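User: Please take me through this model, and be ready for me to ask why each label applies.

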Amino acid sequence: MVSTTFENLNKDKKQNITKALLNEFSHHPLSGSKVSRIVAESGIARGAFYKYFDDLNDAYMYVYGQAMTGIHSDFKREPGISYSPEKYRDELKSFVDQASNSEYFDLIKMHITTNEALIEHNKISKDEDIMFKAHLDAKTWAIAVLTHETIKLILLHPESKKELLDRFYQAVCDLSIKEKE
């Protein structure tokens, strides 16, 4: 958990540290990340790093959370509202476009290719990770899994974006038809 000491830093210092974290975790897998590079780039003491974060996982979760908050800022899902296949596809496309054009692109690619399997799931809030929401109905869970996999495939193979979005759309349509039967 990010400390209140970090949260209360002046804006410039906090941005400088966040930039160093983003650089580190965008170019090195979590397992190969080094506090020494982060403190050197940000100009803070090693002890200060541990005053702000419990460990590298904690720092990673902070910067990844910043990325998801920044990219997801336009998404407002209303509880109880059923989405159409078109809405799912459009939101997925919007997320991929925003991620691809953001400063967080390399971090997200590193996350989906390497770090996702390394993070400690007990450090992720259940409200932040849809896969832990056991109360999801089967259709919503299936669409969440398809969405995640489609994002991963598009970010890794941007030249196939249209085909992958079309396939995602067809799968969501098929799930919607099966639900009505």
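User: Which residues in α6 meet which residues in α8?

Analyst: On the α6 side they are Y88, L92, F95, V96 and S100, and in α8 their partners are I143, T147, T150, I151, I154 and L155. Contact here means heavy atoms within 4.5 Å. Before we go on: this is a predicted model, where local features need pLDDT of at least 70 and side-chain atom pairs count only at pLDDT 80 or more, while totals for chains, interfaces and linings use all residues. Residues are numbered from 1 along each chain as its sequence is written, and side-chain values use heavy atoms, with hydrogens and water left out.

User: How do the residues of that α6 and α8 contact divide by class?

Analyst: There are eight nonpolar and three polar residues, and no charged ones. The nonpolar class is Ala, Val, Leu, Ile, Met, Phe, Trp, Tyr, Cys and Pro; Asp, Glu, Lys and Arg are charged, and the others, Gly among them, are polar. As for geometry, the α6 and α8 axes are 10 Å apart, at an angle of about 35°. Axes are lines fitted to C-alpha atoms, for helices over the stretch in contact, with angles from 0 to 180 degrees between N-to-C directions.

User: What secondary structure does the protein have?

Analyst: Nine helices and zero strands. Both are DSSP runs numbered from the N terminus: H or I over at least four residues for a helix, E over at least two for a strand.

User: Why is α2 called oblique to α3?

Analyst: Helix α2 (residues 11–27) and helix α3 (residues 35–42) have axes that come within 9 Å and cross at roughly 140°. Under 35 degrees is roughly parallel, over 145 roughly antiparallel, 65 to 115 roughly perpendicular, and the rest oblique. An angle of roughly 140° belongs to that rest, so α2 is oblique to α3. α2 passes α3 in a right-handed crossing, the label used when the near helix is turned clockwise from the far one by less than a right angle (anticlockwise gives left-handed).

User: Which residues make the contact of α2 with α3?

Analyst: From α2 you have N16, I17, K19, A20, L21, N23, E24 and F25, and from α3 R37, I38, E41 and S42. By class that is five nonpolar, three polar and four charged.

User: What makes α2 oblique to α7 as well?

Analyst: Those two pack at an angle of about 45°, with axes 8 Å apart. About 45° is in neither the parallel, antiparallel nor perpendicular range, so α2 is oblique to α7 too. The α2 and α7 crossing is left-handed. The residues that meet are L22, F25, S26 and H27 in α2 and D106, L107 and M110 in α7, which split into four nonpolar, two polar and one charged.

User: Why is L107 called buried?

Analyst: Buried means under 20% relative accessible area, exposed means over 50%, and partly exposed lies in between (1.4 Å probe, protein chains only). L107 has a relative accessible area of 0%, so it's buried. L107 lies in α7, and beyond residues up to four places away in sequence it touches L22, F25, S26, Y60, V63, Y64 and A67. Its C-alpha atom is 6.1 Å from that of F25, 82 residues apart along the chain.

User: How do you know that H111 counts as buried?

Analyst: Its relative accessibility is 4%, so H111 passes the cut-off and counts as buried. H111 is also found in α7, and it touches Y60, Y64, E116 and I119, leaving out residues up to four places away. The buried residues of α7 are L107, I108, M110, H111 and I112, and they pack against α2, α5, α6 and α8.

User: Which residues touch the most other members of the largest nonpolar core?

Analyst: L21, F25, F49, F53 and L107, out of 46 residues in that core. A nonpolar core is a set of buried Ala, Val, Leu, Ile, Met, Phe, Trp, Tyr and Cys residues joined through side-chain atoms within 4.5 Å. The largest share, 10 residues, comes from α5. Setting aside neighbours within four places, L21 is in contact with I38, F49, F53, A59, Y62 and V63.

User: What percentage of the protein's residues is buried?

Analyst: 38% of the 181 residues.
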